[in-house]
Amino acid sequence: MGALQKVLVVDDGHRAVDRALSAELAELGYASVTASLEAADDVLAMMPRPAAVLLHVPPRDTGGAFRMLSERLRERMRGAGVPVIEVDAAGQQTGAPIDLQSRIGTRVLNEPEF
């Protein structure tokens, strides 16, 4: 059996049990690491290549900090083929209505075993 693919989840620290992204990711076969906005770069530097980066954007993204991080990470991760996905406070992805499994689900099956 191969190693679980890890997904970095960046949020504002408010984690409601009924909408935890970690539970949804576990159902898809991913391990997740959750970090604050401030710690995201440090955590990402310590992680081997993640399967994806999810930004759980709060309803009030004061100053657009999550949006700026999203743009910066997309640019940085593009070459590695790592998707950066924004999820709003209601658990809905922004942009095209693509569910998590269609964006990152097939990578579990395609990654080599370690």
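Two residues are said to be in contact, or to touch, when they have heavy atoms within 4.5 Å. The exercises below concern a predicted model.

**Exercise 1. Describe the order of the secondary structure elements along the protein, and state how many helices and strands there are.**

Solution. Begin with the totals, which come to five helices and four strands. Then follow the protein from the N terminus, where the elements run β-α-β-α-β-α-β-α-α. As a last step, consider the contacts between residues with a separation of 6 or more: 72% of these are accounted for by residues 24 or more positions apart.

**Exercise 2. Find which residues Leu55 touches, leaving out those up to four places away in sequence, and place Leu55 in its core.**

Solution. With those sequence neighbours not counted, Leu55 touches Val10, Phe66, Leu69, Ser70, Val84, Ile85, Glu86 and Val87. Next, turn to the largest nonpolar core, which has 15 residues, and in which Leu8, Val10, Val53 and Leu55 touch the most other members. At least two residues of this core come from each of strand S1 (5–11), helix H2 (40–46), strand S3 (52–56) and helix H3 (65–77), and H3 gives the most, with four residues. Apart from this core lies another, of eleven residues, including Val7, Ala51, Ala52 and Leu54.

**Exercise 3. Check the length of H3 against the expected span, and then determine which residues of H3 are buried and how they are arranged around the axis.**

Solution. For the length, the 13 residues of H3 should span 18 Å at 1.5 Å a residue, and this agrees with its end C-alpha atoms, which are 18 Å apart. For burial, the cut-off is under 20% relative accessible area, and the buried residues of H3 are Phe66, Leu69, Ser70, Leu73 and Met77. Seen down the helix axis, the buried residues of H3 fall within an arc of 105 degrees, so they line one face of the helix. A general rule helps here: an α-helix has 3.6 residues a turn, so residues three or four places apart point the same way. On the other side of H3, Met68, Glu71 and Glu75 are exposed. Finally, the buried residues of H3 pack against S1, H2, S3 and strand S4 (84–87).

**Exercise 4. Locate Pro48, decide whether Pro48 is buried or exposed, and give its distance from Lys6.**

Solution. Pro48 is placed in the loop between H2 and S3. Its relative accessible area is 56%, and because a residue counts as exposed when this value is over 50%, Pro48 is exposed. Although Pro48 and Lys6 are 42 residues apart in sequence, their C-alpha atoms are 8.4 Å apart in space.

Conventions
Residues are numbered from 1 along each chain as its sequence is written. This is a predicted model: local features need pLDDT of at least 70, side-chain atom pairs count only at pLDDT 80 or more; totals for chains, interfaces and linings use all residues. Side-chain values use heavy atoms; hydrogens and water are left out. A nonpolar core is a set of buried Ala, Val, Leu, Ile, Met, Phe, Trp, Tyr and Cys residues joined through side-chain atoms within 4.5 Å. Buried means under 20% relative accessible area, exposed over 50%, partly exposed in between (1.4 Å probe, protein chains only). The expected span of a helix is 1.5 Å times one less than its number of residues. The arc is that of the directions from the helix axis to the C-beta atoms.
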